[in-house]
Amino acid sequence: MTISSQSGVPARPHRSSRAGRRSLRAALAIAVSGLALAACTSEQFQKGYILPIGALEQIPIGASQDQVLIVMGTPSTVATLSGEVFYYISQRAERPVAFMPQKVTDQRVIAIYFDKDRKVQRLANYGLQDGKIFDFISRTTPTSGQEMSYLTPLFKLISFR
């Protein structure tokens with residue numbers, strides 16, 4: 001781009017336009033680096049039941065099953081072994097960087113046990129430290145003895161014992 005004056009001689013661009021371009025480039029660089037850093041911030045994930053504040057204090061021992069349903073809502077799952085048990089299951093996970101895998105930071109199972117008359121017998125609040133991670137559907141069967149690689153039978157054939 002050339003700017004010419006009335007005399008036909010090309011004029012120099014103004015210094016303010018150069019400074020404007022520099023400040024525009026700097027602002028663009030700051031915006032791009034800010035977006036890149038924002039993409040790398042940690043994320044938190046809440047899965048399952050979200051416990052309302054003060055909900056467990058509203059359920060005394062001996063409360064009815066209907067009162068529990070009003071205060072806590074529908075349970076995640078129900079067991080009926082000897083009496084009934086309501087389970088409220090939640091998990092909190094965190095991912096420090098956008099592309100990293102999630103790490104479980106808190107895991108809660110609130111169990112409300114009822115007697116035969118459908119009255120609260122006891123409350124339990126199980127956390128991450130109360131259990132181990134266990135794969136219920138592992139699709140592998142442990143075997144006794146030692147594991148053998150495919151080379152072991154070949155070495156047994158070659159050996160002179």
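## Notebook: second pocket, helix α2 and the cores

I started at the second largest pocket, where β5 and β6 (103–114) each supply at least two residues of the lining. The model I am reading is a predicted one.

**Entry 1. The pocket.** I looked up its volume. The second largest pocket holds about 180 Å³ of space. I then listed what sits closest to its centre. Of the 13 lining residues, those are Y49, L51, S90, R92 and R108. Next I sorted the lining by class. Five residues are nonpolar, five are polar and three are charged.

**Entry 2. S90.** I picked S90 from the central group of the pocket lining. S90 belongs to strand β5, which spans residues 85–95. Is S90 buried or exposed? Its relative accessible area is 14%. The cut-off for buried is under 20%, so S90 counts as buried. I then asked which residues S90 touches beyond four places in sequence. The list is Q46, K47, G48, Y49, Q107 and R108. Two of these contacts, K47 and Q107, I followed up.

**Entry 3. K47.** I found K47 in strand β3, residues 43–48. Its relative accessible area is 39%, so K47 is partly exposed. With neighbours within four places set aside, K47 contacts I89, S90, Q91 and Q102. I also checked a distance to Q91. The two residues are 44 apart along the chain, yet their C-alpha atoms are separated by 5.1 Å.

**Entry 4. Q107.** Q107 lies in strand β6. It has 31% relative accessibility, so I logged Q107 as partly exposed. How far is Q107 from S90, C-alpha to C-alpha? The distance is 5.9 Å, with their positions 17 residues apart in sequence. Beyond four places in sequence, Q107 touches S90, Q91, Y126, G127 and L128.

**Entry 5. D106.** I moved one strand position to a charged residue. D106 is also placed in β6. At 17% relative accessible area, D106 is buried. Its contacts, not counting residues up to four places away, are Q91 and R92. R92 is also one of the residues closest to the centre of the pocket.

**Entry 6. Helix α2.** I turned to α2, residues 65–72, and asked which of its residues are buried. They are Q65, V68, V71 and M72. Why do I say that they line one face of the helix? Looking down the axis of α2, I find the buried residues within an arc of 125 degrees, so they share one face. The face turned away from that buried side carries the exposed residues D66 and I70. I then checked what covers the buried residues. The cover includes β5, β6 and β7 (120–126). Just past the end of α2, G73 takes a positive phi of about 90 degrees.

**Entry 7. The nonpolar cores.** I looked for the largest nonpolar core next. It has 13 residues. I59, V68, M72, Y88, I112 and V120 have the most contacts inside it. I traced the elements behind this core. α2, β5 and β6 each supply at least two of its residues. V68 and M72 are thus on my list twice, once as buried residues of α2 and once among the best-connected residues of the core. I opened up I59. Leaving out residues up to four places away in sequence, I59 touches V68, V71, M72, I112, V120 and L123. A second core of five residues stands separate and includes A79, V85, A111 and Y113.

**Entry 8. R118.** I scanned for positive phi outside glycine and noted R118. Its phi is near 65 degrees. Where is R118 placed? It sits in the loop between β6 and β7. Its relative accessible area is 48%, so R118 is partly exposed.

**Entry 9. The whole chain.** I closed with the totals. The chain has three helices and seven strands. Along the sequence the pattern reads β-β-α-β-α-β-β-β-β-α. What share of the 161 residues is buried? Buried residues make up 17%. I also took the contacts with a separation of 6 or more. Of these, 45% link residues 24 or more positions apart.

How values were computed: Residues are numbered from 1 along each chain as its sequence is written. This is a predicted model: local features need pLDDT of at least 70, side-chain atom pairs count only at pLDDT 80 or more; totals for chains, interfaces and linings use all residues. Side-chain values use heavy atoms; hydrogens and water are left out. Helices (H or I, at least four residues) and strands (E, at least two) are DSSP runs, numbered from the N terminus. Buried means under 20% relative accessible area, exposed over 50%, partly exposed in between (1.4 Å probe, protein chains only). Contact means heavy atoms within 4.5 Å. On a 1 Å grid over the protein atoms alone, a cavity is a set of points where a 1.4 Å probe fits but cannot get out, and a pocket is an open set with protein on both sides within 12 Å along at least five of seven lines; lining residues have an atom within 4 Å of a point. Grid points are joined across faces, edges and corners, and a volume is the space filled by probe spheres set on the points. The arc is that of the directions from the helix axis to the C-beta atoms. A nonpolar core is a set of buried Ala, Val, Leu, Ile, Met, Phe, Trp, Tyr and Cys residues joined through side-chain atoms within 4.5 Å.
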